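User: I am preparing for a first-year course and would like to practise reading a protein model. Please answer a series of questions about the structure shown below.

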Amino acid sequence: MRQPRIIDRSQDQHFMQEALLLAGQGAALGEVPVGAVLVQDGKIIGRGFNCPISTHDPSAHAEMVAIRDAARQLANYRLPGSTLYVTLEPCSMCAGLIVHSRIERVVFGATEPKAGVAQSRGEFFSQTFLNHRVLIEGGVLALECSEMLSAFFKARRANAAR
């Protein structure tokens with residue numbers, strides 16, 4: 001019988017703070033402020049923030065950038081035993097990548113009612129056709145993550161009105 005996974009949640013807020021710092025870097029570039037870090041054995045192995053506008057790459061979501069960074073660092077397209085911390089609930093594109101990368105756990109901050117597929121618009125990760133199971137936890141520093149996004153869009157609307 002398979003042993004249940006032991007999950008260490010003691011560093012969740014710390015790593016989400018790191019993701020928030022990255023989200024702030026993206027916001028400074030005019031990107032939607034979403035940040036992500038990928039952690040394995042207590043160390044950050046990948047970092048990313050949203051940058052589809054500045055890179056002219058619609059796939060350059062924070063999760064995608066962090067996963068690509070980690071895969072390059074480890075020289076491996078599989079990232080078993082890793083946890084992805086992301087400030088916003090993943091979309092369908094990123095959810096597929098997470099499964100294919102064999103990430104063990106995703107911890108997100110704010111929910112994404114329009115496109116989030118971990119819980120808001122469906123429960124992608126619990127689909128029976130998937131060949132890999134990902135543990136999902138939401139709400140870590142949700143208020144801080146949500147406030148950063150709200151402030152960004154409020155400022156964007158104010159600038160557009162000028």
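User: Which residues does Leu22 touch, not counting residues up to four places away in sequence?

Analyst: The model is a predicted one. Leu22 belongs to helix H1. At a relative accessibility of 8%, Leu22 counts as buried, because the cut-off for buried is under 20%. Beyond four places in sequence, its contacts are Gly35, Ala36, Val37, Arg47, Gly48 and Phe49.

User: How far apart in space are Leu22 and Phe49, C-alpha to C-alpha?

Analyst: Phe49 is one of the residues that Leu22 touches. Along the sequence, Leu22 and Phe49 are 27 residues apart. From C-alpha to C-alpha, the separation in space is 5.6 Å.

User: Which helix supplies the largest share of the largest nonpolar core?

Analyst: The largest nonpolar core has 40 residues, and those with the most contacts inside it are Met16, Leu38, Leu84, Tyr85, Ile98, Ile103 and Phe125. Helices H1, H3, H4 and H5 and strands S1, S2, S3 and S4 each supply at least two residues of this core. The largest share amounts to five residues, and it comes from H1.

User: Which residues does Ile98 touch, not counting residues up to four places away in sequence?

Analyst: Ile98 is among the residues with the most contacts inside the largest nonpolar core. In H4, Ile98 is one of the buried residues. Leaving out residues up to four places away in sequence, Ile98 touches Ile67, Leu84, Pro90, Ile103, Val106, Phe125 and Val134.

User: Against which elements do the buried residues of H4 pack?

Analyst: Helix H4 covers residues 92-101. Its buried residues are Cys94, Ala95, Gly96, Ile98, Val99 and Ser101. These buried residues pack against H3, S3 and S4.

User: What is the phi of Arg102, just after H4?

Analyst: Helix H4 runs over 92-101, and Arg102 is placed just after this helix. The phi of Arg102 is positive, at about 65 degrees.

User: Are H1 and H5 roughly parallel or roughly antiparallel?

Analyst: The two helices pack with their axes 11 Å apart and at an angle of about 5 degrees. Angles under 35 degrees count as roughly parallel. Therefore the orientation of H1 relative to H5 is roughly parallel.

User: How many nonpolar residues does the contact of H1 with H5 have?

Analyst: H1 contributes Met16, Leu20, Ala23, Gly24 and Ala27 to this contact, while H5 contributes Glu144, Cys145, Met148 and Phe152. By class, one residue of the contact is polar and one is charged. The number of nonpolar residues is seven.

User: Why is Cys94 in no disulfide with Cys91?

Analyst: The structure holds zero disulfides. Cys91 is buried, with a relative accessible area of 15%, and Cys94 is also buried, with a relative accessible area of 0%. A disulfide needs two cysteine sulfur atoms within 2.5 Å. The sulfur of Cys94 is too far from its closest cysteine sulfur, in Cys91, for a bond, because the distance is 3.8 Å.

User: Is Gln73 buried or exposed?

Analyst: Gln73 lies in helix H3. The C-alpha atoms of Gln73 and Ala23 are 21 Å apart, with their positions 50 residues apart along the chain. The relative accessible area of Gln73 is 57%, and the cut-off for exposed is over 50%, so Gln73 is exposed.

User: Is Ala75 buried or exposed?

Analyst: Ala75 is in the loop between H3 and S3. Its phi is near 55 degrees, a positive value in a residue other than glycine. Because its relative accessibility is 70%, Ala75 counts as exposed.

User: Is Leu141 buried or exposed?

Analyst: The loop between S5 and H5 holds Leu141. Although Leu141 is not a glycine, its phi is positive, at about 55 degrees. Its relative accessible area is 11%, which means that Leu141 is buried.

User: Which residues does Glu123 touch, not counting residues up to four places away in sequence?

Analyst: Glu123 is placed in the loop between S4 and strand S5. Its C-alpha atom is separated by 9.8 Å from that of Ile136, 13 residues apart along the chain. Not counting residues up to four places away in sequence, Glu123 touches Val117 and Ala118.

Conventions: Residues are numbered from 1 along each chain as its sequence is written. This is a predicted model: local features need pLDDT of at least 70, side-chain atom pairs count only at pLDDT 80 or more; totals for chains, interfaces and linings use all residues. Side-chain values use heavy atoms; hydrogens and water are left out. A nonpolar core is a set of buried Ala, Val, Leu, Ile, Met, Phe, Trp, Tyr and Cys residues joined through side-chain atoms within 4.5 Å. Buried means under 20% relative accessible area, exposed over 50%, partly exposed in between (1.4 Å probe, protein chains only). Helices (H or I, at least four residues) and strands (E, at least two) are DSSP runs, numbered from the N terminus. Contact means heavy atoms within 4.5 Å. Axes are lines fitted to C-alpha atoms, for helices over the stretch in contact, and angles run from 0 to 180 degrees between N-to-C directions. Angles under 35 degrees count as roughly parallel, over 145 as roughly antiparallel, 65 to 115 as roughly perpendicular and the rest as oblique. Ala, Val, Leu, Ile, Met, Phe, Trp, Tyr, Cys and Pro count as nonpolar, Asp, Glu, Lys and Arg as charged, and the others, Gly among them, as polar.
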